[in-house]
Amino acid sequence: MIATLLGLCIGISLGLTGAGGGILAVPALMFGLGMTLAQAAPVALIAVGAAAAVGAAEGLRRGLVRYKAALLMAVAGGLAAPVGLRLAHQVPPAWLNWGFAAVMLLVAARMFRQSLPRAAGAGHTSAPTGKACRLSPETGRFVWTRRAATTLGSIGAASGLCTGMLGVGGGFIIVPALAHFSDARMHSIVSTSLMVIALVSAATVVSAAAHGLSISGAQWAFVAAAVAGMAAGRVLAPRVPQTALQRVFAAVCAVVAAVLMWRA
């Protein structure tokens, strides 16, 4: 029952915000099921990857996923993750956690400010065409330029670096970065982030399985509940206003910062 409830919470968070899966799932498994960090990490990855795949498939069906951008970010993230792993062995873990927690608090504050009426109004009045990644009014897809490709690749690389250094998912980098550098709607950003998370998680899970990963019944219940929570989150997401999604994302970022500071 505990595993099911925890999995539902993680899946709903991931479905609504496109982030929050891995970094919240690991402490949830440690506190709720008494697992060690080494035991919790691969189970969290399977749960988050499977849930993200369900959300990405639903986003693809509804035409929300910018799949070319997701593929580019996933490839860039996969190339940068080993660099992050090497850096993680050279920098004290506590410094990494404190630094990332500070970034998360800044992201939370920015997202919350954007959700306020005045910030939203200011965004509409400026409606900048100078965004690096712009959607075509005719097709609703990104207009591919060298600047757009470089920006998306850089977002993916930054996500991969953080994944390698901290062992957290890339959604916390991808979602706010796309919100800042593109004119895509939050629902599309979340769906695109889920596809990146699913692709990166799949590659890592295959590697873990090759090294003899085994999953218990309670852990499979957590995975199944996370997938069900994702389905519920994606059903709820279209009914939630963009400003509310931004505030939910800000709240989850604050929780992640607290978890990272606790780990530090």
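The legends below describe close-up views of a predicted model.

**Figure 1. Overall fold of the predicted model, which holds 11 helices and 0 strands.** From the N terminus on, the order of elements reads α-α-α-α-α-α-α-α-α-α-α. The protein has 264 residues, of which 45% are buried. In its unreviewed entry, UniProt lists residues 29–57, 69–88, 94–112, 189–211, 217–237 and 244–262 under "transmembrane region", an annotation that may be inferred rather than shown by experiment.

**Figure 2. Two of the spans that UniProt lists as "transmembrane region", residues 69–88 and 244–262.** The span of residues 69–88 is 100% helix and 0% strand, and the C-alpha atoms at its ends lie 27 Å apart. For residues 244–262 the end C-alpha atoms are likewise separated by 27 Å, and this span, too, is 100% helix and 0% strand.

**Figure 3. Helix α1, residues 2–17, and the glycine that comes just after it.** This helix has 16 residues and reaches 23 Å from its first C-alpha to its last, which is close to the 22 Å expected at 1.5 Å a residue. Its buried residues are Ala-3, Gly-7, Ile-10, Gly-11, Ser-13, Leu-14, Gly-15, Leu-16 and Thr-17. Cys-9, by contrast, counts as exposed because its relative accessibility is 53%, and the cut-off for exposed is over 50%. Just after α1, Gly-18 adopts a positive phi of about 75 degrees.

**Figure 4. Helix α5, residues 93–115, seen with its buried residues.** The 23 residues of α5 should span 33 Å at 1.5 Å a residue, and its end C-alpha atoms are 33 Å apart, so the expected and modelled lengths agree. Buried along this helix are Leu-96, Asn-97, Phe-100, Ala-101, Met-104, Val-107, Ala-108, Met-111 and Ser-115. As a general point for reading such a list, an α-helix has 3.6 residues a turn, so residues three or four places apart point the same way.

**Figure 5. The salt-bridge network of Glu-58, Arg-62 and Arg-234.** The count for the model comes to 2 salt bridges. In one of them the side chains of Arg-62 and Glu-58 meet, with an N to O distance of 3.2 Å. Arg-62 counts as partly exposed because its relative accessibility is 37%, whereas Glu-58, at 17%, counts as buried because the cut-off for buried is under 20%. Glu-58 also forms a salt bridge with Arg-234, where the closest N and O atoms are 3.5 Å apart. This second pair links distant parts of the chain, since Glu-58 belongs to helix α3 (residues 37–61) and Arg-234 to helix α10, 176 residues apart. Arg-234 is buried, with a relative accessible area of 4%. Through salt bridges that share partners, Glu-58, Arg-62 and Arg-234 are joined into one network.

**Figure 6. A nonpolar patch on the surface, formed by Leu-60, Tyr-67, Leu-71, Leu-199 and Val-200.** Together these residues have about 390 Å² of accessible area. Helices α4 (67–88) and α9 (186–210) each supply at least two residues of the patch. Leu-71 is found in helix α4, and with a relative accessible area of 43% this leucine is partly exposed.

**Figure 7. Two C-alpha contacts, Trp-220 with Thr-4 and Met-30 with Ala-40.** Trp-220 is found in helix α10, residues 217–236, and counts as partly exposed at 48% relative accessibility. Although Trp-220 and Thr-4 are 216 residues apart along the chain, their C-alpha atoms are separated by 9.2 Å. Met-30 has its place in helix α2, residues 21–33, and is partly exposed, with a relative accessible area of 23%. Between Met-30 and Ala-40, which are 10 residues apart along the chain, the C-alpha separation is 6.5 Å.

**Figure 8. The cysteines Cys-9 and Cys-133, in a model with 0 disulfides.** A disulfide is a covalent bond between the sulfur atoms of two cysteines. A search of the whole structure finds 0 disulfides. Cys-133 counts as buried because its relative accessibility is 1%, whereas Cys-9, at 53%, counts as exposed.

Methods. Residues are numbered from 1 along each chain as its sequence is written. This is a predicted model: local features need pLDDT of at least 70, side-chain atom pairs count only at pLDDT 80 or more; totals for chains, interfaces and linings use all residues. Side-chain values use heavy atoms; hydrogens and water are left out. Helices (H or I, at least four residues) and strands (E, at least two) are DSSP runs, numbered from the N terminus. A disulfide is a pair of cysteine sulfur atoms within 2.5 Å. Buried means under 20% relative accessible area, exposed over 50%, partly exposed in between (1.4 Å probe, protein chains only). The expected span of a helix is 1.5 Å times one less than its number of residues. Patches are made of residues with over 30% relative accessible area and no salt bridge: like charges are joined within 9 Å, nonpolar side chains (Val, Leu, Ile, Met, Phe, Trp, Tyr) within 5 Å. Accessible areas come from the Shrake-Rupley method with a 1.4 Å probe; for residues, only the protein chains shown count as cover. A salt bridge is a side-chain nitrogen of Lys or Arg within 4 Å of a carboxyl oxygen of Asp or Glu.
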